[in-house]
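Here are a few exercises to work through with the viewer open. Try each task yourself before reading its solution.

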Amino acid sequence: MSPDRSQLSLPDPETTGPDAVEQFDIAELGRLLKERRGPLSLRQAAAEAGVSFSTLTRVEAGAQPDLATFTRLCAWLGVPPSRFFTPAATRQISPLDQAITHLHADPRLTGDAANKISSVLRGLYEALAKEAVPATPALACHLRAASVLRPGIPQRLADLLTDMNTELERLVEAGEL
């Protein structure tokens, strides 16, 4: 779920460095395409949007379109392309929102199924996350390509990086590093 863009603050030039880039919200694009398509088949919607069936299928599933396709899809949706970009300085998405975004981008789930799983996840998160103490990772890593990877791959990479982080913390605490 994306934050309301009208409430996002502009990036602070003092805190945004030359490496700061805007984030493309591909999950939001996929969600809006599914919503706009409604009862239309993928082929009907693709014909209306002026893109190929396979392209629309991939973008709905979370693949990043090329610029020409992105422009056509924005025109079909009736939204400005800027809607899908979040300035780097204002990027604040919770782990729960990330999980829910991935659920809605999963082509194996219907919108209703994704909503039901999201509801259960929210309930569990609200019940269990209150006691959690934020950990300071010994190693921070950002997966820039995570939004374009096949479903399940980002979670497997996150698990692997978590295991590596845990082992690094153990080595630091043991004085071996």
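The exercises below go from the overall fold to a helix pair and then to some aromatic rings.

**Exercise 1. Get an overview of the chain.**
Which order of helices and strands does the chain follow?

*Solution.* Keep in mind that this is a predicted model. Start with the count: the chain holds 7 helices and 2 strands. Next, walk along the sequence, and you will find the pattern β-α-α-α-α-β-α-α-α. Then turn to burial: 25% of the 177 residues count as buried. Finally, look at contacts with a separation of 6 or more: 64% of these come from residues 24 or more positions apart.

**Exercise 2. Describe how α5 and α6 pack.**
Are helices α5 and α6 roughly parallel or roughly antiparallel?

*Solution.* A general point helps first: the angle and the distance between the axes describe two packed helices. Here, the axes of α5 (residues 95-105) and α6 (residues 111-128) come within 9 Å and cross at roughly 165°. Angles over 145 degrees count as roughly antiparallel, so α5 is roughly antiparallel to α6. The handedness completes the geometry: α5 passes α6 in a right-handed crossing.

Now list the side that each helix contributes. From α5 come P95, L96, D97, A99, I100, L103 and H104, while α6 brings G111, A114, N115, I117, S118, L121, R122 and Y125. Sorted by class, this contact has 9 nonpolar, 4 polar and 2 charged residues.

**Exercise 3. Classify two ring pairs that share F85.**
Which of the pairs F24 with F85 and F70 with F85 is tilted, and which is edge-to-face?

*Solution.* The chain has 4 aromatic pairs. Take F24 and F85: their ring centres are 5.1 Å apart and their planes stand at 35°, so the pair is tilted. F24 sits in strand β1 (residues 23-24) and F85 in strand β2 (residues 85-86), 61 residues apart, and the pair links distant parts of the chain.

Compare the burial of these two rings. F24, with a relative accessible area of 15%, is buried, whereas F85 is partly exposed at 26%.

Next comes F70 with F85. The centres of these rings lie 6.1 Å apart and the planes are at 85°; angles over 60 degrees count as edge-to-face, so this pair is edge-to-face. F70 belongs to helix α4 (residues 67-77), 15 residues from F85 in β2. The relative accessible area of F70 is 6%, so F70 is buried.

To finish, put the rings together: F24, F70, F84 and F85 are linked by ring pairs into a cluster.

Definitions and conventions:
Residues numbered from 1 in each chain as written. Predicted model: local features only at pLDDT ≥ 70, side-chain atom pairs only at ≥ 80, totals over all residues. Heavy atoms only, no water. Axes fitted to C-alpha atoms, helices over the stretch in contact; angles between N-to-C directions. Helix = DSSP H or I, 4+ residues; strand = E, 2+ residues; numbered from the N terminus. Parallel < 35°, antiparallel > 145°, perpendicular 65-115°, else oblique. Left-handed = near helix turned anticlockwise from the far one by under 90°. Contact = heavy atoms within 4.5 Å. Nonpolar A, V, L, I, M, F, W, Y, C, P; charged D, E, K, R; others polar. Phe/Tyr/Trp six-rings, centres within 6.5 Å; stacked < 30°, edge-to-face > 60°. Buried < 20%, exposed > 50% of the residue type's maximum accessible area, 1.4 Å probe, protein only.
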